[in-house]
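Open the model in your viewer and keep the sequence panel beside it. The stops below say what to select and what is found there.

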Amino acid sequence: MKQTKEEQKKKKASAPETTATGEKPVEQAPELEDAGVKEDEVKEEPEENSIDAKVAELEKKNEELSAALAKEKDDYIRLMAEFETFRRRTAEEKLELVTSAASETIKGLLPVLDDCERAMELLEKSSDEAAKEGTGLIYNKLMQYLQKKGLERIEAKGKKFDTDFHEAVAQVPVPEEDRKGLVYDVIETGYLLGGKILRYAKVVVGV
């Protein structure tokens with residue numbers, strides 16, 4: 001039976017189209033399309049998690065480095081403080097050693113000063129002017145040199161007796177009330193070195 005034109009059109013419309021190779025195109029099922037969308041979403045999630053993990057790792061490393069830097073800084077400050085203490089203590093010990101050595105040397109020269117003083121006292125009654133001048137010159141030169149090193153003479157005669165500077169070796173009665181408790185005479189001159197007692201003045205006190 002012959003088909004009418006309308007039936008032929010309906011048949012063509014209902015027949016599946018073929019490709020150039022004669023194969024029918026494969027239509028993607030809705031389920032597969034949905035699966036494709038979900039697959040993209042699954043692919044994106046691991047990438048975001050990876051970035052978050054890297055950020056967290058970097059933050060952790062930053063905290064560790066900051067803590068290590070703070071510890072190194074603290075150790076450095078402590079070391080510098082200890083070095084400064086050591087330097088100051090060493091300088092003080094060195095100064096004390098030098099001062100001690102100088103004081104012992106100067107203390108050894110005090111008897112020479114004592115002899116010069118005694119010689120000048122004896123020569124006051126002498127007519128030998130050359131001896132007076134020579135002895136006085138030696139005493140003055142030696143005294144000036146020691147004074148430059150910090151030596152000071154303790155002036156005691158007529159002063160109030162002070163145990164911080166004087167050592168009483170004898171007492172003598174004095175009639176005047178205002179002279180009691182004062183240094184009546186000096187047996188041995190006392191000296192200070194750098195403001196500290198090098199030798200106490202040996203004195204006689206009026207009572």
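Select Val183 and Val205: the two are bridge partners, with Val205 lying in strand S6. The model is a predicted one.

Now extend the selection around Val183 to strand S3, residues 183-188. Strands S3 and S6 pair in the antiparallel sense, over four bridges.

Next, colour strand S6, residues 201-206. Is this strand mostly covered or mostly uncovered? It is mostly covered, since five of the six residues in S6 are buried.

Add strand S2, residues 166-172. S2 pairs with S6 in the parallel sense, and six bridges link the two. To find one place where they face each other, pick Glu167, which stands opposite Lys202 in S6. Strand S6 therefore has an antiparallel pairing with S3 and a parallel pairing with S2.

Stay in strand S2 and select Val169. Is Val169 buried, partly exposed or exposed? Its relative accessible area is 43%, so Val169 counts as partly exposed. Show its surroundings next: leaving aside neighbours within four places in sequence, Val169 is in contact with Ile187, Lys202 and Val203. Lys202 has already come up as the residue opposite Glu167. Then draw a distance from the C-alpha of Val169 to the C-alpha of Val205, which comes to 8.1 Å. In sequence, Val169 and Val205 are 36 residues apart.

Move on to strand S5, residues 196-199, and select Arg199. Arg199 has 13% relative accessibility and therefore counts as buried, the cut-off being under 20%. Which residues does Arg199 touch, not counting those up to four places away in sequence? The contacts are Leu110, Asp114, Ile154, Glu188, Thr189, Gly190 and Tyr191. Zoom in on Thr189: its backbone oxygen lies 2.6 Å from a polar atom of the Arg199 side chain.

From the contacts of Arg199, select Asp114. Asp114 belongs to helix H2, which covers residues 30-123. At 6% relative accessibility, this residue too falls under the 20% cut-off, so Asp114 is buried. With residues up to four places away in sequence left out, Asp114 touches Glu188 and Arg199. Glu188 is also among the residues that Arg199 touches.

Follow helix H2 to Phe86. Phe86 has a relative accessible area of 46%, so it is partly exposed. Turn on the surface and add Tyr76, Ile77, Met80 and Phe83 to the selection. Together with Phe86, these residues make a nonpolar surface patch of about 540 Å².

Finally, clear the selection and show the whole protein. How many helices and strands does the protein have? There are three helices and six strands. Read from the N terminus, the order is α-α-α-β-β-β-β-β-β. Of the 207 residues, 16% are buried. The protein exposes about 17,100 Å², of which carbon and sulfur atoms supply 55%. As for contacts between residues at least 6 apart in sequence, 59% of them join residues at least 24 apart.

Notes
Residues are numbered from 1 along each chain as its sequence is written. This is a predicted model: local features need pLDDT of at least 70, side-chain atom pairs count only at pLDDT 80 or more; totals for chains, interfaces and linings use all residues. Side-chain values use heavy atoms; hydrogens and water are left out. Buried means under 20% relative accessible area, exposed over 50%, partly exposed in between (1.4 Å probe, protein chains only). Contact means heavy atoms within 4.5 Å. Accessible areas come from the Shrake-Rupley method with a 1.4 Å probe; for residues, only the protein chains shown count as cover. Patches are made of residues with over 30% relative accessible area and no salt bridge: like charges are joined within 9 Å, nonpolar side chains (Val, Leu, Ile, Met, Phe, Trp, Tyr) within 5 Å. A salt bridge is a side-chain nitrogen of Lys or Arg within 4 Å of a carboxyl oxygen of Asp or Glu. Two strands pair if DSSP finds at least two bridges between them. A polar contact is a pair of N or O atoms within 3.5 Å; within protein, one must be able to donate a hydrogen and the other to accept it, and residues adjacent in sequence count only if both atoms are side-chain atoms.
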